[in-house]
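Colleague: I am new to this structure. Please take me through one part of it closely.

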Amino acid sequence: MHTIIKDLNWRYATKKFDPLKKISPADFDTIKESLRLVPSSYGLQPLKFIIVTSTGLREKLHSSAYNQSQIVDASHLIIICSYRNINDTHVDEYIANVGATRNITPDTTKGYADFMKRTVNEMGEDQKLQWNKNQAYIALGQLMQTCATLKIDATPMEGFNTEAYDTLLDLHNQNLTASLVVPMGYRHIEDQTQHQKKVRKPLDDLFTTL
Ligand SMILES: Cc1cc2nc3c(=O)[nH]c(=O)nc-3n(C[C@H](O)[C@H](O)[C@H](O)COP(=O)(O)O)c2cc1C
């Protein structure tokens, strides 16, 4: 069996973390770099990853997430935030980054920049928010895979009060909203979920060949 599949069978949505086991700085750097490399629509990366280290803040976030213990017990906690809005400025910043990274002049990319701006500006506010939230789920998938490869446990979570999180993290003022919460660390020996068999549809239900 390929190691990718072994890793994906090893991982599970951890319910109880061991609060004494911590992710090494080197592994956490790998996680951050993986998130930096996440693909996004047009490459705009309308995301911000908030690493919450404050114990007091994690207690408050715990209360606003149905008291799920992972929020306080996991070694590390990342909130994947999406931009609420996106506009010409974000496209200009991206184009400037393309220019600096690839050493090309703005006239080379003007056509593409104008195209992106038209697309972005044609969207309504709700559509933009949804688009940016979709990007968070791409990051989540990559994060899950990266953690599994590193043999780090992680729980994808959307069971939290978005309004409360946006307030606690002061996200409104930063054009952000909390999309997903991901506690990461090491499973507790007492977490019974680790012994449960994976429940997945059979291949025939999921794939159709035309
Ligand atoms: C977007 C998303 C949100 C989730 N939210 C929560 C959550 O708030 N709390 C939790 O314990 N598990 C949460 N889960 C975990 C799922 O229940 C779990 O991934 C699913 O049952 C499959 O089990 P497995 O990941 O252990 O293979 C979430 C999963 C996803 C993908």
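Which residues does Ile 80 touch, not counting residues up to four places away in sequence?

Modeller: First, the ground rules. This is a predicted model, where local features need pLDDT of at least 70, side-chain atom pairs count only at pLDDT 80 or more, and totals for chains, interfaces and linings use all residues. Residues are numbered from 1 along each chain as its sequence is written, and side-chain values use heavy atoms, with hydrogens and water left out.

Now Ile 80. Leaving aside residues up to four places away in sequence, Ile 80 touches Leu 47, Lys 48 and Phe 49. It also touches Ala 136, Ala 139 and Leu 140. Thr 177, Ala 178, Ser 179, Leu 180 and Val 182 complete the list. Contact here means heavy atoms within 4.5 Å.

Ile 80 belongs to the largest nonpolar core, which has 19 residues. Such a core is a set of buried Ala, Val, Leu, Ile, Met, Phe, Trp, Tyr and Cys residues joined through side-chain atoms within 4.5 Å. Buried means under 20% relative accessible area (1.4 Å probe, protein chains only). Ile 80 is among the residues with the most contacts inside this core, along with Ile 31, Val 182 and Met 184. The elements giving two or more residues to this core are helix 2 (25-36), strand 2 (76-83), helix 7 (125-149) and strand 4 (176-185). Helices (H or I, at least four residues) and strands (E, at least two) are DSSP runs, numbered from the N terminus. Helix 7 gives the largest share of this core, six residues.

Another core lies apart from this one. That core has 17 residues, including Ala 65, Ile 71, Ile 79 and Met 157.

Methods
Buried < 20%, exposed > 50% of the residue type's maximum accessible area, 1.4 Å probe, protein only.
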